Amino acid sequence: MPRDTIEMSGEESVAFLAAQSWVVLATLEPDGSPWADVVPSAVQDGQLLFRVSAGSRSERNIRRDARICCTQDENASYFEIRGVIAHGEALRVPPSGVSAELEARRDPLHLDAEPRGEAYSIGLTDVVSFDFARIGAR
């Protein structure tokens, strides 16, 4: 019997990320091992924008190697798990390009962190998504 398709469409994935206030950002350490931080995020013009804290390991990692992964999920119950994982390279966003939505969001782990750090974007073209609500009734 074929498996149920649980992938969201591109539009659904973008809408899911747009409804979130933060993502988990994964960067690469100098030795190639992963490092993750929770960072504020917003969607603007088909791009996922996020901000890293100034002086953070994530900031140093992105400056050295821009390859990243951003992920967000929600899971009220097993059959309600939904999520999106975006892969790509972080591109620095100049202050004039930061959306008001992202500007208003604070880092959920460092709410009063100043200075706020750099904003980056990642395209939403290399995306994996899942919505377990699409699994047929058992």
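In this predicted model, eight strands come together in an open sheet. Reading across it, the order is E6-E7-E3-E2-E1-E4-E5-E8, and the pairing is antiparallel. The two edges are formed by strand E6 (91-93) and strand E8 (127-131), each of which pairs on one side only. Between neighbouring strands of the sheet there is an average turn of 30°, direction ignored. For a closer look at one pairing, strand E2 (residues 34-44) and strand E3 (residues 47-51) are a good place to start: they run antiparallel and are joined by four bridges. Within this pair, Val43 has Leu48 in E3 as its bridge partner.

Two helices can now be added to the picture. Helix H1 (residues 10-18) packs on the sheet, where it touches strand E1 (22-28), E2, strand E4 (67-74), strand E5 (82-89) and E8. The direction of H1 makes about 95° with that of E5. Helix H2 (residues 57-64), in turn, lies across E1, E2, E3, E4 and strand E7 (119-123), and runs at about 55° to E1.

What about the nonpolar residues? The largest nonpolar core has 19 residues, and those with the most contacts inside it are Leu25, Phe50, Ile62, Ile68 and Cys70. Two or more residues of this core come from each of H1, E1, E2, E3, E4, E5 and E7. Cys70 can serve as a guide here: leaving aside neighbours within four places in sequence, Cys70 is in contact with Val23, Val24, Leu25, Leu48, Phe50, Val84, Ile85, Ala86 and Ile122. Apart from the largest core lies another one, of six residues, including Ala42, Val93, Val98 and Leu102.

Note on methods: Residues numbered from 1 in each chain as written. Predicted model: local features only at pLDDT ≥ 70, side-chain atom pairs only at ≥ 80, totals over all residues. Heavy atoms only, no water. Pairing = 2+ DSSP bridges. Axes fitted to C-alpha atoms, helices over the stretch in contact; angles between N-to-C directions. Contact = heavy atoms within 4.5 Å. Core = buried A, V, L, I, M, F, W, Y, C linked by side-chain atoms within 4.5 Å. Buried < 20%, exposed > 50% of the residue type's maximum accessible area, 1.4 Å probe, protein only.
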